[in-house]
Amino acid sequence: MNVPGSSLFSELEAMRVEARGLPTQAPSNDVGVSDVHSSFGQMLKDALNNVNELQQNTNDLRTRFDMGDRSISLSDVMIAGQKSSIAFEATVQVRNKVLEAYKTIMNMPV
């Protein structure tokens, strides 16, 4: 497993090598830690914005349908609702997995 730019991974890898008694080598970081954090943060922000846009679109379609807009069909409203529901549920599952991983890491002995 090669994870460039992760200082935690580099430290763990160095400890593993040291524990086995192998000669240590200088870790090579192709990507800076701040680049990894900013790209992950940007990806997370984009994903949340996408879910938010889907929910806003669904609410807009529901409102227009309820107001009697004939250009909006019931199937359009239902499909948009399902898309936003699935996106939200996926977001909640990702959040739960991240929290579970965080708890696991915090419970590791140092």
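**Exercise 1. Find the accessible surface of the protein and the share that belongs to carbon and sulfur atoms.**

Solution.
Step 1. The accessible surface comes to about 9200 Å². Areas come from the Shrake-Rupley method with a 1.4 Å probe, and for residues only the protein chains shown count as cover.
Step 2. Carbon and sulfur atoms hold 59% of that surface.
Step 3. Know the source. This is a predicted model: local features need pLDDT of at least 70, side-chain atom pairs count only at pLDDT 80 or more, and totals for chains, interfaces and linings use all residues. Residues are numbered from 1 along each chain as its sequence is written, and side-chain values use heavy atoms, with hydrogens and water left out.

**Exercise 2. State how many helices and strands the protein has, and how much of it is buried.**

Solution.
Step 1. Count elements: 3 helices and 0 strands. Helices (H or I, at least four residues) and strands (E, at least two) are DSSP runs, numbered from the N terminus.
Step 2. Read along the sequence: the pattern is α-α-α.
Step 3. Take burial. Of the 110 residues, 11% are buried. Buried means under 20% relative accessible area, exposed over 50%, and partly exposed in between (1.4 Å probe, protein chains only).
Step 4. Take contacts (heavy atoms within 4.5 Å). Among those between residues at least 6 apart in sequence, 46% join residues at least 24 apart.

**Exercise 3. Compare the reach of helix α3 with its expected span, then list its buried residues.**

Solution.
Step 1. Helix α3 covers residues 74–106, which is 33 residues.
Step 2. From first C-alpha to last, α3 reaches 48 Å, close to the 48 Å expected at 1.5 Å a residue. The expected span is 1.5 Å times one less than the number of residues.
Step 3. The buried residues of α3 are V77, A80, G81, S84 and A87.

**Exercise 4. Trace what T58 and S84 touch.**

Solution.
Step 1. Place T58: helix α2. T58 has a relative accessible area of 2%, so T58 is buried.
Step 2. Leave out residues up to four places away in sequence. T58 then touches A80, G81 and S84.
Step 3. Add the polar contact (a pair of N or O atoms within 3.5 Å; within protein, one must be able to donate a hydrogen and the other to accept it, and residues adjacent in sequence count only if both atoms are side-chain atoms). The T58 side chain reaches the backbone oxygen of A80 at 2.9 Å.
Step 4. Turn to S84, in helix α3. S84 counts as buried because its relative accessibility is 8%.
Step 5. With the same sequence cut-off, S84 touches L54, Q55 and T58. A polar atom of its side chain lies 3.0 Å from the backbone oxygen of G81.

**Exercise 5. Work out which residues the salt bridges join into one network.**

Solution.
Step 1. The structure holds 2 salt bridges. Each is a side-chain nitrogen of Lys or Arg within 4 Å of a carboxyl oxygen of Asp or Glu.
Step 2. R64 meets D60 at 3.8 Å, N to O. Both lie in helix α2, 4 residues apart, about one turn of the helix.
Step 3. R64 counts as partly exposed because its relative accessibility is 31%. D60 is partly exposed too, at 36%.
Step 4. R64 also meets D69, at 3.1 Å, N to O. Shared partners join D60, R64 and D69 into one network.
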